[in-house]
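Visitor: I have just opened this one and don't know my way around yet. Could you walk me through a few spots?
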Amino acid sequence: MKKFLSLLILFFLSASARAEYLKFALRELSLVKGASLFTERAEESPFPVTVVTAEEIERFGWFNLRDLLEYQPSFYLVQDVNERVIAHRGLYRTVTSHLLFLEDGFKLHLPMMENFIPDASFPMTGISRVEIIRGPGASLYGDAALTGVINLERRNFPPRASLSLGLGEYDSETADLTFSVPTPGDGMFHLLLHYTDLPGEIYRTADGSQRLHPRPENYALKMAWEKGPWSFFYFRLHSRYDTPRSQRGRLLSPEDLEPFGSREKVWQDLVGFKRNLHFKGFEGTLRLFWGYFEASTPQVRTTHAEGQFTALDIDLAARRWGLATHFYRSHSRGIFLLGFNWEREDYEEVRVKSFSDGRFFTLTDLPSKAEDNWALFAQEKFHLFSGVILNVGLRYDHYESFGGHVSPRISLIWNPAGSWHLIAAWGEGFQAPNYFYRGANLESGYGGKELDPEMVYTYILSLSKRLRKNSLFRVTFFREKFDDLLEKRDFYRNLGKMELSGLEAELRWYTDRLLTFLNYSLYEVTEADETGLAYGNRVEALPRWMVKGGASLQLLPGFYLSPQFRLYGRARWQGQWLSSYAVWDLHLLYRRPPWRISLKIENLFDHHFKRAGTTPPYPWPGRSIFLRLGVRF
């Protein structure tokens with residue numbers, strides 16, 4: 001009888017906790033913070049936004065930012081030599097420069113390269129929400145936001161510690177440690193340590209064996225301090241990927257690893273200071289930042305088996321510092337926002353060495369150089385009449401390297417009576433060519449001549465309905481026109497145009513015991529000129545359609561079962577077809593304070609499917625099992 005009463009009490013306590021979670025989750029899902037640079041109702045955002053909460057991240061076992069994104073509409077991981085590349089809304093390249101990644105409003109992109117590596121080195125511990133803003137963000141954020149903005153928020157840890165350890169197949173290891181301590185004057189200091197060692201599965205082919213996506217010895221360190229309106233942080237990331245193939249996709253032999261090797265190692269430091277401001281009815285934020293980037297990436301262009309062996313050794317280093325500020329003020333019909341950015345980029349090292357015909361050559365050795373960039377932007381959110389909002393944004397960027405650029409955006413938001421929500425939006429985005437592509441020697445394969453910014457013009461029509469407070473259905477139609485796309489053919493150059501149309505449909509359902517999501521994406525190229533990204537009415541290397549879904553069910557108090565699936569249509573790559581395929585993941589979670597135990601099975605049915613991209617298709621990792629144990633002190 002006592003055991004029965006204990007279980008009954010545990011059940012009701014669990015039900016109370018679930019109810020509190022549901023209330024909090026619904027609030028998180030109803031607010032958007034990154035689309036307008038201030039908190040607003042999701043129904044009033046200028047672009048459709050998908051919000052992923054901390055509860056979803058934990059229950060579905062998304063311990064990697066790239067894996068989280070691939071379960072969202074229009075995202076797809078593309079096969080590449082150096083890393084897994086994220087395609088979004090039909091666009092991809094060898095780096096993630098078409099997406100803008102932010103944490104707490106600070107840009108995570110690397111100086112010089114203008115991309116972010118959201119893989120094993122980036123810790124998901126403490127991420128409280130992820131906002132995926134679907135549309136060009138240039139009117140607020142400038143370049144590097146061609147197809148969308150990923151805005152991350154990391155929770156402030158309570159004054160206690162947590163430790164998480166994980167083991168997996170293929171000698172995989174993970175560890176995360178956090179703790180927070182009060183500081184004098186009601187301040188708080190936070191520390192986060194992250195380590196991931198993923199050597200990768202050994203896969204044997206007719207040509208030999210390789211590690212599939214080896215990402216060994218990645219780590220991160222974050223220290224933060226906050227007190228009232230003041231906050232300060234230091235972020236250190238180390239990303240490593242051991243490249244098993246040449247630039248052309250040929251499997252490397254031990255002989256090919258001399259004299260430089262084949263890998264990608266990136267070190268990134270980011271320091272940020274933020275002060276929330278209040279002045280005569282204005283609310284605002286001042287951010288000061290400093291960043292450092294260093295990369296060492298020896299690569300093999302052509303293997304010994306292909307004839308003339310050619311290898312490269314690339315070393316890069318750059319710094320960036322500056323300030324960003326914006327103010328907004330509410331008025332009787334809406335909110336007006338004004339902002340200013342200034343930054344200086346100091347390119348310290350751009351060096352490319354080559355080994356060919358038994359000799360060493362220096363292809364590129366640029367002297368250090370500094371460039372100043374600044375921007376001024378404004379936004380007006382205006383209530384035209386009941387249920388109708390006009391949101392207009394405009395930004396001017398001035399780049400020392402290629403001059404000025406104006407980025408406009410206009411959105412009409414209609415919230416009629418009931419739970420319907422309609423967005424009609426148009427926006428323009430651009431991506432400035434990075435300094436490495438502008439400065440490297442053409443013979444290295446990385447240089448470019450007189451490169452222009454890449455441009456995108458996006459039209460969006462999005463209709464959503466809240467079936468109940470705890471559910472959302474949304475369908476979004478978009479049309480994108482790309483100009484001066486940067487592509488590599490022997491070297492980088494602006495090639496042609498591409499227009500594509502797309503459809504995204506999302507269904508999400510939240511209850512105290514069940515979380516579900518289901519989404520569908522479809523692309524069709526309507527026009528293409530010269531670009532190698534398109535083949536007929538298809539985007540080269542990308543499935544024409546994708547269906548993704550998952551459900552997280554609480555079976556017992558504290559125990560959750562979360563199956564997930566991704567189904568991809570056929571893809572075309574250089575004249576050959578890659579078959580459609582499905583991938584199933586399964587996550588089991590048990591949490592009862594202070595313990596957390598999770599078992600993640602990726603690629604449940606061990607299907608070594610092939611993806612295309614910037615290299616010939618080769619197998620993706622098969623089934624992988626990860627066991628994690630966490631405790632909070």
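Guide: What follows is a short tour of a surface patch, a strand residue and some aromatic rings, and please keep in mind that this is a predicted model.

Visitor: Okay, which residues make the nonpolar surface patch?

Guide: The nonpolar patch is made by Phe336, Leu338, Phe340, Trp374, Leu376, Leu394, Tyr396 and Val406, and it covers about 670 Å² of the surface.

Visitor: And which strand gives the largest share of that patch?

Guide: That is E21, which provides 3 residues. Strand E21 (334-356), E23 and strand E24 (388-399) each supply at least two residues of the patch, while Val406 has its place in strand E25, residues 403-414.

Visitor: Is Val406 buried or exposed?

Guide: Val406 falls in between and counts as partly exposed, because its relative accessibility is 41%, and the cut-offs are under 20% for buried and over 50% for exposed.

Visitor: Let me stay with the patch: where is Trp374?

Guide: Trp374 is found in strand E23, which runs over residues 369-385. With a relative accessible area of 35%, Trp374 is partly exposed.

Visitor: What does Trp374 touch?

Guide: Leaving aside residues up to four places away in sequence, Trp374 touches Phe340, Asn341 and Trp342, and also Tyr396, Asp397 and His398. Of these, Phe340 and Tyr396 belong to the nonpolar patch along with Trp374.

Visitor: How many residues apart in sequence are Trp374 and Gly142?

Guide: Trp374 and Gly142 are 232 residues apart in sequence, and their C-alpha atoms are 9.9 Å apart in space.

Visitor: Changing topic, where does Thr310 sit, and what does it touch?

Guide: Thr310 has its place in strand E20, residues 310-331. Thr310 counts as buried, because its relative accessibility is 14% and the cut-off for buried is under 20%. Beyond residues up to four places away in sequence, Thr310 touches Val300, Arg301 and Thr302, as well as Ser354, Phe355 and Ser356.

Visitor: Now the rings: how many aromatic pairs are there?

Guide: The count comes to 27 aromatic pairs. One of them joins Phe106 and Phe233, whose ring centres are 5.0 Å apart and whose planes stand at 75°, so the pair is edge-to-face. This pair links distant parts of the chain, since Phe106 is in strand E7 (residues 106-107) and Phe233 is in strand E16 (residues 230-242), 127 residues apart.

Visitor: Why is Phe106 called buried, and what about its partner?

Guide: Phe106 counts as buried because its relative accessibility is 3%, and Phe233 is buried as well, with a relative accessible area of 9%.

Visitor: What kind of pair do Phe565 and Trp584 form?

Guide: Phe565 and Trp584 form an aromatic pair that is tilted, with 5.3 Å from centre to centre and 35° between the planes. Phe565 lies in strand E34 (residues 559-568) and Trp584 in strand E37 (residues 581-592), so the pair ties together parts that are 19 residues apart in sequence. Phe565 is partly exposed at 23% relative accessible area, and Trp584 is partly exposed at 36%.

Visitor: Which residues form an aromatic cluster?

Guide: Tyr76, Tyr568, Tyr581, Phe609 and Trp620 form one aromatic cluster.

Visitor: Last one: what lies over the face of Phe106, and what over Tyr446?

Guide: Arg287 lies over the face of Phe106, at 5.4 Å from the ring centre, and Lys488 lies over the face of Tyr446, at 4.1 Å from the ring centre.

Key
Residues numbered from 1 in each chain as written. Predicted model: local features only at pLDDT ≥ 70, side-chain atom pairs only at ≥ 80, totals over all residues. Heavy atoms only, no water. Helix = DSSP H or I, 4+ residues; strand = E, 2+ residues; numbered from the N terminus. Buried < 20%, exposed > 50% of the residue type's maximum accessible area, 1.4 Å probe, protein only. Contact = heavy atoms within 4.5 Å. Patch = residues over 30% accessible without salt bridge, like charges linked within 9 Å, V, L, I, M, F, W, Y side chains within 5 Å. Areas by Shrake-Rupley, 256 points an atom, 1.4 Å probe, with all protein chains shown as cover. Salt bridge = Lys/Arg side-chain N within 4 Å of Asp/Glu carboxyl O. Phe/Tyr/Trp six-rings, centres within 6.5 Å; stacked < 30°, edge-to-face > 60°. Lys NZ or Arg CZ within 6 Å of the ring centre and 35° of its normal.
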